[in-house]
Structure formats: C-alpha cells, structure tokens
Amino acid sequence: MGQLDQKVFLKTFGCQMNVSDSETILSSLVSEGFSETQEVRTADLIVINTCSIREKAEHKLRSMVGRLMKMKTLKPNVKIAIAGCMASRAGKSLIKELPGVAIIFGPDQVSLLPHLLKEHERTQKPVVKSNFEDEAVLFNPDHRTYQAKTSGFVSIMKGCEHKCTYCIVPLTRGVEKSRPLQSILNEVQFLVHEQGLREIMLVGQNVNGYGRDTAFDFPKLLWRLAQVPNLKRIRFMTSHPKDCSQDLADCFRDIPEISPYLHLPVQSGSNDVLRRMKRGHQHEQYRDRIDMLREAQPRIALSTDIIVGFPGETDRDFQDTLDLITSVEYDFAFSFIYSERPNTPATKLKDDVPLSEKKARLFELQKIIRELSYKKSMTLLGTTQEILITNLKREEDALVAVGHTDTYKLVKAVVPLDTQVQDLIQVKITNHHESRLFGESISPLGYTHTKGHLSYDTPQHPTAPLQ
Ligand code: 5AD
Ligand code: SF4
C-alpha cells in the first residue's frame, strides 16, 4: 500500500495506558505518511485499541467490529486492525471470531503497526503479533510525529507485578518493565520544548513500581523531571497503595511542579474482601498512607477506584467501603461492578452477589461519591486558582476557556482574547452547576473578565476511564 495520503481512524477504549499507546500508534503511522481522520467513512485504515478489564468493554469491541464489517462490504479495501489488551488476551482466536480483521497486535507492539501493515500486504493474510517484547520496542518513541492534544501522556513503565485476584492486566500486559530514564527525559523534553506542553502525565499500571527492575525509583524520577525547564505540572497515574512511600509523599511537599492530586485505588473498605482480592494492604494501612500524604501536602486531592460485588461481599463489607469512602472524603472515585475475567485467580471464587444487588450497591456508592465531589468543588468557590487552558471557544464576542486546576478540577471561564491553549491563567471561581465550576479570569491588574451564563459541553473529569 502506498501510504501517502492514507487516512487512519483510531478508536480508543480503556485506561490512560491505552490513551498513551494510541498516541504511539498514531505517531508511528504519521511518520509513514498517514493522517488522522475523525470520520470512519473516510478511513483507509481503522485501528481499535481495546480493553479487557471488564466484560462490558469486550462486548463494545465486538459490536463495533460487527458494524465495521458491514461498512467493509461497501469499501472492501479498508483495513481493520485490533490493538490492546483484548488482542493480547485473545490473540489468534480473535481472527477466527472476527474474520476480515487484517491485523491483531498487543500492547507491546504499539510502535510496530507500519511493519505489520507491510507484512499483511506481502502475505495477504491476517497478521497476529501479541507476545510480550523486550523493552527495545516497548515504549513511546522519544520524538513523536503526532501532536499531543492536551497534556502529554508519557508511558514510564509497563505491566504489573501485583497480582490482584480479579485483574486481567498481569495476563495482558505482563510483568513490570521500566522505561530507561534517558528515553523518558527525551520524550518529556520533546513534548515541553517542541510541542509547547506545560503539563505531562506519567502513565503506567503501577507508576510507583518504576525502577523496581533497575537501580532507580519513582520519587527520584520525579525529582529529575522537575528540573526540565518550562515544565509546570507533573501528574501521574496509577499508584498502588503498597508502593506509596514516605519519599513519594515528600515529593508532594517539596516539588512545586508535582500537582497535588493522587489517584490511589483502594477497591474495597473491607479487610476480608481486600484479602480475597490479594491487594496486599488492609484498610488501616491504606488510611495511614492517606494521613501521610495529607500531612505532607494538605492541599492534596485524592481519587480512588472501587469494585462492588466482589465474590463473598456481604452487606457489612459493603458498609465498610461506604464508611471508608466517606471518612477519606475523596475528591472523586471511579466505581465498577465486579466482572469475572477469564483465567484470573478470582474465577475460583463463587461470583455469588446477585446482579440486582451489585447494581443497587453501585447506585448507593455513586450517590455518595457525587455528594463528596460536590462538597470538594464547593470549597473552591470564591478562591483564585491557576488554570491550565486545554480548550478555547469563541462564544459571541467572548473567548471561553476550559482548563483545570492543579488539583484537577475542571473550570470554565471567560478569558482575555489573546489567551492561548497551554496558557496558565489566574481564575476566580465564581459559580457552579452541580460540581462543575465556572470562573472569571483575573488579569495581572486585578480586572476580571466576565460574561453572563456559561454552560458545560465537555466531560467533567478528563481522567475518567473511557470504557
Ligand atoms: N471487575 C471490575 N472492575 C475491575 N477493575 C479491574 N479489574 C476489574 C474486574 N475484573 C477495576 C479496578 C481497577 C480499575 C482500573 O478497574 O478498580 O483499579
Ligand atoms: Fe491489576 Fe492490581 Fe496490577 Fe492494578 S495493581 S493493574 S488492579 S493487578
């Protein structure tokens, strides 16, 4: 295939790792002359980056491929490639299940799609490559050809050493592998200096595990990155409570570039459930970590992940989760119904909580999470916050920006007409709708830019899992 003028449509399901992997996939294709299209109809190549974490995510992929196959009958030359965890989990059997798919490639082959396309052209047969690779081809290229959209997602490690009994990630992404320090530095410097980003997001299944397989560690990496000139904000996701050390808490206190926001999944407030999940922590230790973090950085915003309806979860266990959530006073929490995943250790436990009960628990939990979120957002009313602008839109004669605070609260505000994406501006928080915040920018002279009523048309929490 002559790849000049070819268009690629890419759809990403799943977590922040997949978002980062998709940027790498696009980057490798753009280097070969592809351009991205948002319209599937105009695409010559369709790439779907899949997620396996819950069964529902896999259903979505299957129904999407079904729809695409109908389109393929009208446009037979279009190629379909499936990437990500589902490709890794199901590999060759996906080709049988979804005939017509040209390429299946796993999370360790994200930079290899152009080669796989060439192999497919040569052989005219489906190509499947989803084994775990050595680190040479694992990570984002140091210099991308694809413009990062808002904050640069920089993958620093892959895989996971923890073996939580419900989780498919160790099976789809393998053991932990840390990216070499120099390669991370090169990419961050490129994003900040060549692409003009002010914020980077370090991603990995367990970023705190960075360096376990080398002589380095995660807090040292943060100290090193904070020295990159013009990099104003560093965020990271996801952290495991077991690996959340005093050194990490000190980074929140001592490094101004580290955003005071931490996503620290707890999964359950019940020690019995945590034990069956093999999380490696009890709720008391988790609470100690929260106290340690808040002592180091009182402004820190916290979010978490919760699974409801894990095998054997009783009303009492669920109440322990509600108690934990309420007492920690999270800024936000992602919550999921337990979904049995093939070949995970939890399949040996009886999935005995009825679906109706799981749904009722999720409903109750999410109500509490919304209330907590609302309470936290309200504490910002009347304060002045520094906002990193990620989106700008002309509305009549005003310029309206969406950005986020360093604690990752989304704010919409009228801003001066010369404001640009990636600017950091001071905004006074004046209004809210539910937990969404509205503000007015404050110029250095204290003059505020106001406009009547603003409403949201962007997602409230950009770090929410996409599935
Ligand atoms: N069922 C439901 N939720 C799950 N998660 C991981 N595996 C499962 C599963 N089998 C959730 C966890 C994790 C988040 C990314 O997804 O809460 O932290
Ligand atoms: Fe899965 Fe647990 Fe690893 Fe997170 S820490 S990726 S939940 S095994």
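**Exercise 1. Aromatic pairs**

Find how many aromatic pairs this predicted model holds, and classify the pair of Tyr166 and Phe310.

Solution. The structure holds 6 aromatic pairs. For Tyr166 and Phe310, the ring centres lie 6.3 Å apart and the planes stand at 85°. Planes over 60 degrees apart count as edge-to-face, so this pair is edge-to-face. Next, place the two residues: Tyr166 is in the loop between β8 (157-158) and α5 (169-173), and Phe310 is in the loop between β13 (301-308) and α11. The pair therefore ties together parts that are 144 residues apart in sequence. Tyr166 and Phe310 also form one aromatic cluster with Tyr338.

**Exercise 2. Buried or exposed**

Decide whether Tyr166 and Phe310 are buried or exposed.

Solution. Buried means under 20% relative accessible area. Tyr166 has 11%, so Tyr166 is buried. Phe310 has 0%, so Phe310 is buried.

**Exercise 3. A second pair**

Describe the pair of Phe218 and Phe236.

Solution. The centres are 4.9 Å apart and the planes are at 85°, an edge-to-face pair. Phe218 belongs to helix α7 (residues 218-225) and Phe236 to strand β11 (residues 233-237), so the pair links parts 18 residues apart in sequence. Phe218 is buried at 1% relative accessible area, and Phe236 is buried at 2%.

**Exercise 4. Two helices**

Work out how α11 and α12 are oriented to each other.

Solution. Helix α11 (residues 315-328) and helix α12 (residues 355-378) pack at about 15°, with axes 10 Å apart. Angles under 35 degrees count as roughly parallel, so α11 is roughly parallel to α12. Their crossing is right-handed. The contact residues include Phe318 and Leu322 in α11 and Leu365 and Ile368 in α12. The residues of this contact divide into 6 nonpolar, 1 polar and 4 charged.

Technical notes. Residues numbered from 1 in each chain as written. Chains lettered and ligands numbered in written order. Predicted model: local features only at pLDDT ≥ 70, side-chain atom pairs only at ≥ 80, totals over all residues. Heavy atoms only, no water. Axes fitted to C-alpha atoms, helices over the stretch in contact; angles between N-to-C directions. Helix = DSSP H or I, 4+ residues; strand = E, 2+ residues; numbered from the N terminus. Parallel < 35°, antiparallel > 145°, perpendicular 65-115°, else oblique. Left-handed = near helix turned anticlockwise from the far one by under 90°. Contact = heavy atoms within 4.5 Å. Nonpolar A, V, L, I, M, F, W, Y, C, P; charged D, E, K, R; others polar. Phe/Tyr/Trp six-rings, centres within 6.5 Å; stacked < 30°, edge-to-face > 60°. Buried < 20%, exposed > 50% of the residue type's maximum accessible area, 1.4 Å probe, protein only.
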